[in-house]
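This report introduces one protein to a reader who has not seen it before. The sequence and the structure come next, and the text then goes through selected parts in turn.

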Amino acid sequence: MMTDPIADMLSRIRNALKIKKIHVDIPASRIKAQIAKILREGGYINNVKYIDDGLQGRIRIYLRYTESNDSVIEGLKRVSKPSRRVYVNRGTIPRVMGGYGTAVISTSKGVVTDKDCRNLGVGGEVLCHIW
């Protein structure tokens, strides 16, 4: 049993980026699918596909690189961990890299970005930072 599946997802993406893979497969879950959707909408990855393997399923994430073969994602950081949950209210939503990056936050309205959180006026658990 895995204790932190979101950290595992981020580590798989980070490792795939280091060896310049085209795509990476991750065991599927609803929250991971929502995080992958945010990555796609933010322009950090090319595409996301769900692969049905008869069990849990897999999420295939197609990674994005620049013309000089550098990764579009410079960094991924897990913020809230099972041992230490990090919650923010609507007034203390973090800005990643001065607004250059994205914070992924789990709210009562679903998993959203920091910008969407400010627009909705809600807080929640900070899952990760992407820049």
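## A helix and a hairpin

In this predicted model, helix α2, formed by residues 30-41, contains 12 residues and reaches 17 Å from its first C-alpha to its last, which is close to the 16 Å expected at 1.5 Å a residue. Lys 32, Ile 35, Ala 36, Ile 38 and Leu 39 are the buried residues of α2. Seen down the axis of α2, these buried residues fall within an arc of 155°, so they line one face of the helix. On the other side of α2, by contrast, Arg 30 and Glu 41 are exposed.

After α2 comes Gly 43, which has a positive phi near 85°. A glycine also appears in the hairpin of β2 and β3, where six residues lie between the strands and Gly 54 takes a positive phi near 85°. The two strands of this hairpin, β2 (residues 45-51) and β3 (residues 58-63), pair in the antiparallel sense over six bridges, and Ile 51 stands opposite Arg 58 in β3.

The two glycines are set out here.

| Residue | Place | Phi |
|---|---|---|
| Gly 43 | follows α2 | positive, near 85° |
| Gly 54 | hairpin of β2 and β3 | positive, near 85° |

How confident is the prediction, in terms of the average pLDDT of the protein? The protein averages a pLDDT of 95, and 99% of the residues score at least 70. Confidence is lowest in helix α3 (residues 114-120), at a mean of 95, and highest in β3, at 98.

Key:
Residues numbered from 1 in each chain as written. Predicted model: local features only at pLDDT ≥ 70, side-chain atom pairs only at ≥ 80, totals over all residues. Heavy atoms only, no water. Helix = DSSP H or I, 4+ residues; strand = E, 2+ residues; numbered from the N terminus. Expected span 1.5 Å × (residues − 1). Buried < 20%, exposed > 50% of the residue type's maximum accessible area, 1.4 Å probe, protein only. Arc of directions from axis to C-beta. Pairing = 2+ DSSP bridges. pLDDT = per-residue confidence, 0-100.
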